[in-house]
Structures are given as C-alpha cells and as structure tokens.
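Biologist: I'd love a close look at a single spot in this chain, and then a sense of how the rest is put together around it. Could you walk me through it?

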Amino acid sequence: MLNLFRISFKKTNECIILVVPLVIFLSVLSWYFNFARFSIDELKELIFAAVTLYVMFCGFLASWLYMAKKALAHSKKVFVFDKDKVKSLQKLILSLPKGVGRLFMPVMSATALYLFVYTVIFFVVNYFISKFVGVLDFSEFNIKFLALSSREFLSIINGLEPNEIKVLEMWYFTMKISMALVSFVSILWIPEIVYSKKNAFVSLKNSIKKVFSNFGNVLFLYFYIILIILLLSALNSVFWHSTLFAFLALLLTYYFFVYVVVLLFTYYERNFD
C-alpha cells in the first residue's frame, strides 16, 4: 500500500492537467452560485437554479472522471516523438465531452442516491437525538450554518444553552460517524462506475463486494484519505487570514483532490481491472 501511495504521487504529477478543468469548473460554479443567490426571489427560480447546478455538477463530474481515467492511461504510454505526445494530449482534452455521453446517467444516479441517503441519515439522526438526548431546533439556524461566516457561526454557537450545545455536539458526532460509514462502504463506487461502465446500482453492489473482499487494504486506504482531508482542513483553517497562504492552501487542495482520484483509480486498476 505504501508503494501505491508513492506511485500515485508520481502519476498525479503526470496527470496534473486534470487540475485545469477542475479549477475552471469550480470558478464557473462559484460565479453561478453567487449570481443565483442574489437574484432569486421566487420558489420556481430557486428550483430552476438548483436543478441547473445539479445538472452542471453531474455533467462536469462525468466528463472529468472519464478524463481522469484517460489521463492515467496516457501516463503509462512511452512517446518517442514530442508530436505524438502532443496528439495524445489533444485526444485527452477532447475526451471531456465523450465522458458526458458515457458516464452522465450513472453519475447522475449515483449523486442522486448519495443525496437521498444523506437526507435519510439527517432525518433518522435528528429523530433519535430528539428522542433520547434532546430537541435541537433547526428552523432558526440551519440555513445560517451553511451561509454565514465562521465568526458569525461561532457567535451562534456561543449563544446556545449548555444543554443545546450538548445536543448539537451529539448530533454532529452521530452525523459524522454515519456519513463516514457511508463513505467507506461506497469508496470504490465511482471507480466501479468509471471502469465497469454499468449502471449506478449494479456498480454500487459490485463495489461493496470489492470493499469487503479486500477489507484490510480498503480500510487502510480510507484512513489515509481521511488523514489527507484532515491535514488540508487544518491548513485552510490556519492560513485563512493570509491571502498568500490561503491561496497556496487552495492550490494544495486542488492537487490533493486530483491525487485522491488518481489513488483510487490506481488501486482499482491494480486489484480489479
């Protein structure tokens, strides 16, 4: 596994072109989100904006994941002439729209299922916390949790009663554990969709079988990815007040996002493809 982690760094450097469409899309998504946030006045406009964002996200994810697969294949090739490498790179870039046609429906189905599962988890956890620990009223501040700055978020937390803080902590811990379990079980779902080219539900079933048939290695891989996420979160938290360091932390986030995808795809190729 350690050799896999090292090789994945090398492959990420060879597939660094994947960062370009990722940055462009996230910039467009951020611009559209800010535009929609200040221009929406009616429910139908909100629904239209949400559907648009969802379709945009699924379309990009399908094309980008397909490009990631092709980029890994490209990194394995040996080119005698530079012109051959340039042609291969051109084909790699042109693979983006092909990915939409080949993976859009499975990716959209998988994303919808993720949203459904996390929504069910939210309501189930909220029900049990309310029944056995205490009631937490989300009607007043759940939207603010998503929209306000960190300082305003902390001011809301500080304004809660001790019992409410206890309930919130228990709710947060239970949500995190539940989401972590879902993430672990489905860790190979996206690679399975990309490589098997089957629908999302068949891919989910097959990926879960692969997870439990290689439980030890997959668990090690999962905790390694969690460690990367925690380190990146810590960096962003420490350097958010400095423009320069915040920018560098953002670049590292983009790099390691690509690294995690390359790592998962490489692990899948080694063991199942």
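Modeller: Happy to! Let's take Ser207: setting aside neighbours within four places in sequence, Ser207 is in contact with Leu188, Trp189 and Glu192. Please keep in mind that this is a predicted model. Ser207 sits in helix 9, which covers residues 200-213. Is Ser207 buried or exposed? With a relative accessible area of 0%, under the 20% cut-off, Ser207 counts as buried.

Now for the wider setting. The chain has 11 helices and zero strands, and buried residues account for 37% of its 273 residues. Of the contacts between residues at least 6 apart in sequence, 79% link residues at least 24 apart.

As for the interior, the largest nonpolar core holds 36 residues, and Leu18, Trp64, Leu65, Leu103, Val258 and Phe265 have the most contacts inside it. Helix 9 is among the elements that supply at least two residues of this core, as are helix 2 (19-39), helix 3 (43-75), helix 4 (82-132), helix 8 (189-196) and helix 11 (243-271). Helix 3 gives the most, with 11 residues. Trp64 is a nice one to click on: leaving out neighbours within four places in sequence, Trp64 is in contact with Leu18, Pro21, Leu22, Leu96, Phe257, Val258 and Val261. Apart from this core lies another, of 20 residues, including Ile187, Leu221, Tyr224 and Leu263.

Finally, the outside: the chain exposes about 16800 Å², with carbon and sulfur atoms supplying 70% of that area.

Notes: Residues are numbered from 1 along each chain as its sequence is written. This is a predicted model: local features need pLDDT of at least 70, side-chain atom pairs count only at pLDDT 80 or more; totals for chains, interfaces and linings use all residues. Side-chain values use heavy atoms; hydrogens and water are left out. Helices (H or I, at least four residues) and strands (E, at least two) are DSSP runs, numbered from the N terminus. Buried means under 20% relative accessible area, exposed over 50%, partly exposed in between (1.4 Å probe, protein chains only). Contact means heavy atoms within 4.5 Å. Accessible areas come from the Shrake-Rupley method with a 1.4 Å probe; for residues, only the protein chains shown count as cover. A nonpolar core is a set of buried Ala, Val, Leu, Ile, Met, Phe, Trp, Tyr and Cys residues joined through side-chain atoms within 4.5 Å.
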